[in-house]
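Open the model in your viewer and keep the selection tool at hand. We will walk through it stop by stop, picking out what to select and saying what is there.

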Amino acid sequence: MSRSRKHPFEIEHIWANHPELHPELPGEQAFSDQRNRFGGLLLLPKDFNASYGDKPYAVKLEHYFRQNLLAKSLHPKCYEHNPTFLRLRDERGLPFAPISDFTVESFAERQVLYQRLCEQIWDPTNFGIDAPDEMALAS
């Protein structure tokens with residue numbers, strides 16, 4: 001990412017940096033480890049991130065709806081009147097789902113979604129490369 005870009009992007013942590021809001025985690029290190037999991041991150045415009053980054057998820061969720069599709073998919077309205085997105089989700093078997101309260105379990109759900117997206121985006125067959133047979137790799 002270029003710092004000279006007129007409208008730069010930043011990595012957004014879905015959870016604000018407030019371990020006291022998550023007593024279900026045993027200490028600040030557990031909170032930090034959880035907060036930094038890939039499933040709890042988004043790429044958003046820097047100005048948005050700066051103005052909403054420290055707010056609770058419930059506040060940011062409404063504003064995520066005006067961002068890119070990955071952020072927007074957290075909001076229930078993304079699943080209304082959005083046939084192209086819903087068709088993509090269904091045809092590709094991607095586990096997109098709205099999340100009203102971003103819990104520890106939500107990180108795991110988003111982690112699976114991100115993994116599935118990566119597998120489909122970087123599938124070697126998309127680039128005309130024959131993927132090795134799984135059985136051949138095991139031997």
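Start with the whole chain in cartoon view: this predicted model has 7 helices and 2 strands. Following the sequence from its beginning, you pass through the pattern β-α-β-α-α-α-α-α-α. The chain has 139 residues, and 31% of them are buried. Now turn on the surface: about 9,200 Å² is exposed, with carbon and sulfur atoms supplying 55% of that area. As for contacts between residues at least 6 apart in sequence, 55% join residues that are at least 24 apart.

**Stop 1: helix α1**

Select α1, residues 28–35. Which residues of α1 are buried? They are F31, Q34 and R35. These three sit on the same side of α1, because they cover an arc of only 95 degrees around the axis. Next, add β1, β2 (41–45) and α6 to the selection, since they are among what covers the buried residues of α1.

Zoom in on Q34, which belongs to helix α1. Q34 counts as buried because its relative accessible area is 10%. Show what surrounds Q34: beyond its neighbours within four places in sequence, the contacts are W15, L25, V104 and F107.

**Stop 2: the loop leading into α1**

Step back to the loop between β1 (9–13) and α1 and select L25 there. Is L25 buried or exposed? With a relative accessible area of 15%, L25 is buried. Its contacts, leaving aside neighbours within four places in sequence, are W15, A30, F31, Q34 and V104. Draw a distance from L25 to V104: the C-alpha atoms are 8.9 Å apart in space, while the two residues are 79 apart in sequence.

Stay in the loop between β1 and α1 and select N17. N17 has a relative accessible area of 47%, so N17 counts as partly exposed. Apart from neighbours within four places in sequence, N17 is in contact with F31, R35 and D54. Two of the buried residues from the first stop, F31 and R35, are thus among the contacts of N17. For another distance, pick N17 and E28: 10.0 Å from C-alpha to C-alpha, with their positions 11 residues apart in sequence.

**Stop 3: the salt bridges**

Side chains of opposite charge can pair when their charged atoms come close. How many salt bridges are there to look for? The count is 2.

For one of them, show the side chains of E12 and K60, which meet with an N to O distance of 2.9 Å. This pair ties together distant parts of the chain, with E12 in strand β1 and K60 in helix α3 (residues 57–64), 48 residues apart. Both E12 and K60 are buried.

For the other, select R89 and D90, whose side chains form a salt bridge at 3.0 Å, N to O. R89 is partly exposed, because its relative accessibility is 21% and the buried class requires under 20%.

**Stop 4: an unusual backbone angle**

Most residues other than glycine have a negative phi. Now select H81, in the loop between α4 (69–72) and α5 (83–92). H81 is not a glycine, yet its phi is positive, near 55 degrees. H81 is also exposed, with a relative accessible area of 80%.

**Stop 5: a nonpolar patch**

Bring the surface back and colour I121, W122, F127 and I129: they form a nonpolar patch with about 480 Å² of accessible area together. Within the patch, click on I129, which lies in the loop between α6 (104–121) and α7 (134–138). How exposed is I129? I129 is partly exposed, at 48% relative accessible area.

**Last stop: the cysteines**

Finish with C78 and C118. C78 is buried, with a relative accessible area of 0%, whereas C118 is partly exposed at 27%. A disulfide is a covalent bond between the sulfur atoms of two cysteines. How many disulfides does the structure hold? There are 0.

How values were computed. Residues are numbered from 1 along each chain as its sequence is written. This is a predicted model: local features need pLDDT of at least 70, side-chain atom pairs count only at pLDDT 80 or more; totals for chains, interfaces and linings use all residues. Side-chain values use heavy atoms; hydrogens and water are left out. A disulfide is a pair of cysteine sulfur atoms within 2.5 Å. Buried means under 20% relative accessible area, exposed over 50%, partly exposed in between (1.4 Å probe, protein chains only). Helices (H or I, at least four residues) and strands (E, at least two) are DSSP runs, numbered from the N terminus. Contact means heavy atoms within 4.5 Å. Accessible areas come from the Shrake-Rupley method with a 1.4 Å probe; for residues, only the protein chains shown count as cover. Patches are made of residues with over 30% relative accessible area and no salt bridge: like charges are joined within 9 Å, nonpolar side chains (Val, Leu, Ile, Met, Phe, Trp, Tyr) within 5 Å. A salt bridge is a side-chain nitrogen of Lys or Arg within 4 Å of a carboxyl oxygen of Asp or Glu. The arc is that of the directions from the helix axis to the C-beta atoms.
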